[in-house]
Structure formats: structure tokens, C-alpha cells
Amino acid sequence: MKRTKLEMLGLLGVVSFLSYLSMVVISPMFYPGYNSITMAVSELSAVSSPSKAIADQLNSLFGPCGLVSIVAVWVSIPKSKPKSFRLGITLFMAMEWVCNVGYSLFPWVSGESKMYFQNIMHLIVTALVVILSLSSLIILAISSKKAGLKSLGIIAGISLFIMILGPIGTASLPPSVFGLFERFSTFSTVTFNAVLGLYLFYGKYNIAK
């Protein structure tokens, strides 16, 4: 089956995921003493981080490819789909924009306190990303079945569950596992964006009844 140019853009969601994954896996090798179980992903690309250069290189396709993919998904959704489904996709797209623009403007400054202005803004961006992510996943988990995409709703529900584990773990468990549970939250949305892109690539938004 021949894919349209718009559908082909869905593969960029997978490229975005692979770019982020490579950054998370490879960058710690260039950060002496970094512990993926206890330390946040943002430390890898922090202003004074020894791994910042390689992290930025590996992660360079994450933002642009992820944004193009989710915008293509949003454009491709037929107007016949329920408004709630379109709202869920819109909120997820807004989350992607806030994530990419916000973290680019306010990267974490390693060695400074949480009250440092740039770090405060980084935390505010994080809060907005979490709120938009949770809202969009909840809506998509509920509305996807009505949109003829029951499987996407199940995946959204799983992503939501995994994402919620992140804040629960970081808030209630010892700091020794902070990094591990933080990754639950980050990878849930990055992976879901790739799934949305694959659904576009396979033309499921148009063929679903």
C-alpha cells in the first residue's frame, strides 16, 4: 500500500524516540559518576554537565522530529472523529511544544539550587508538561474507542498508568530510585508519540470506523 507524504511523516515519531533513547543510554558514559537510577535525565544536558555536548548531539532529532510527527497526526485526523479525541491529540501536541520550547529556553543548571531562577522555570515547564500529558492521555484513553481506535485507547491507558508511576515513585520512595521512576514518566510520553506516528503511517486515523 502506497503511503501519502503526510503518512510518511509519522515515522519521524519513531526517529524522535530513537534519538531520545540514544541520549539516555549513551550520554551517561560521558558523565563520570552519573547514576541512571538516582539522577534525572535532565542532568545529562544540564548547563554545566560534562555530557552536555554529546547529549545535545544525540538528542538533536528528538524535538524537531517529534513535533513534525505530532503536528502531522493532528492535521490528519478527520473532522468526523469525536471532538474529545481531537482535543486529546491537541493537548498532546501542546505538551510537545511546551516540552521542546520550554526545556530549550530553561535547561537545568547543575550545581545550582532549585531556587535558582532558571531551575525554577525548568520545574514550571516540567509541571506544565506533566499536566498536559496526563490530561491528553486520560482523554485519549476514554475517547479512542468512540473514534474507532480501541487499541490506541488501550495504549493510552497503559502509558497513563506508567506515567503516574513516575510521580508516585519520586514522591514516596527514597531518592536512591528517583532517576528510575522519573524515566517512567519521560519514556511514557516519548513512546506514545512514536505510537501516534505509527498509527499515522499505517493510515489508521482514516480507516478506523
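Let's start with Cys65, which sits in helix 4 (helices are DSSP runs of H or I with at least four residues, numbered from the N terminus). Before going on, keep in mind that this is a predicted model, in which local features need pLDDT of at least 70 and side-chain atom pairs count only at pLDDT 80 or more, while totals for chains, interfaces and linings use all residues. Residues are numbered from 1 along each chain as its sequence is written, and side-chain values use heavy atoms, with hydrogens and water left out.

**Cys65 and the other residues of helix 4**

With 10% relative accessibility, Cys65 counts as buried (that is, under 20% relative accessible area; exposed is over 50% and partly exposed lies in between, with a 1.4 Å probe and protein chains only). Who does Cys65 touch, if you skip residues up to four places away in sequence? The partners are Leu12, Gly13, Val15 and Ser16, where contact means heavy atoms within 4.5 Å. You can also measure from Cys65 to Ile142: these two are 77 residues apart along the chain, and their C-alpha atoms are separated by 27 Å.

Ser16 belongs to helix 2, residues 11-26. Ser16 has Leu61, Phe62, Cys65 and Gly66 as its contacts, once neighbours within four places in sequence are left aside.

Back in helix 4 you'll find Ser69. Leaving aside neighbours within four places in sequence, Ser69 is in contact with Leu9, Gly10, Leu12, Gly13, Asn193, Gly197 and Leu200. Its C-alpha atom is 26 Å from that of Trp108, which lies 39 residues away along the chain.

Ser76 is also part of helix 4. Not counting residues up to four places away, Ser76 touches Leu6, Leu200, Tyr205 and Asn206. Between Ser76 and Asn100 there are 24 places in sequence and 22 Å in space, C-alpha to C-alpha.

Over in helix 8 there's Glu182. With residues up to four places away in sequence not counted, Glu182 touches Ala40, Val41, Ser42 and Thr170.

Here are these four residues side by side:

| Residue | Helix | Relative accessibility and class |
|---|---|---|
| Ser16 | helix 2 | 2%, buried |
| Ser69 | helix 4 | 0%, buried |
| Ser76 | helix 4 | 10%, buried |
| Glu182 | helix 8 | 17%, buried |

**How helix 5 packs**

Two packed helices are described by the angle between their axes and the distance between the axes. An axis is a line fitted to C-alpha atoms, over the stretch in contact for helices, and angles between N-to-C directions run from 0 to 180 degrees.

Take helix 5 (residues 83-105) and helix 8 (residues 178-201): their axes are 12 Å apart and they pack at an angle of about 125°. That angle is why helix 5 counts as oblique to helix 8 (under 35 degrees is roughly parallel, over 145 roughly antiparallel, 65 to 115 roughly perpendicular, and the rest oblique). The crossing of this pair is left-handed, meaning the near helix is turned anticlockwise from the far one by less than a right angle, whereas clockwise would be right-handed. Which residues of helix 5 and helix 8 make the contact? Helix 5 brings Ile89, Phe92, Met95 and Glu96, and helix 8 brings Thr189, Phe192, Asn193 and Leu196. Sorted by class, that contact holds five nonpolar, two polar and one charged residues (Ala, Val, Leu, Ile, Met, Phe, Trp, Tyr, Cys and Pro are nonpolar, Asp, Glu, Lys and Arg charged, and the others, Gly among them, polar).

Now for helix 5 and helix 6: their axes come within 8 Å and cross at roughly 160°. That makes helix 5 roughly antiparallel to helix 6. This crossing is left-handed too. The contact between helix 5 and helix 6 has 16 nonpolar, nine polar and no charged residues.

**The nonpolar cores**

A nonpolar core is a set of buried Ala, Val, Leu, Ile, Met, Phe, Trp, Tyr and Cys residues joined through side-chain atoms within 4.5 Å. The largest one has 29 residues, and those touching the most other members are Val73, Phe85, Ile89, Leu152, Phe192, Leu196 and Tyr205. Two or more residues each come from helix 4 (62-76), helix 5, helix 6 (117-143), helix 7 (150-172) and helix 8. Helix 5 gives the most to this core: seven residues. Apart from this core lies another, of 12 residues, including Tyr31, Met39, Ala55 and Val190.

Finally, a closer look at Val73: leaving aside neighbours within four places in sequence, its contacts are Ile89, Leu196, Gly197, Leu200 and Tyr205.
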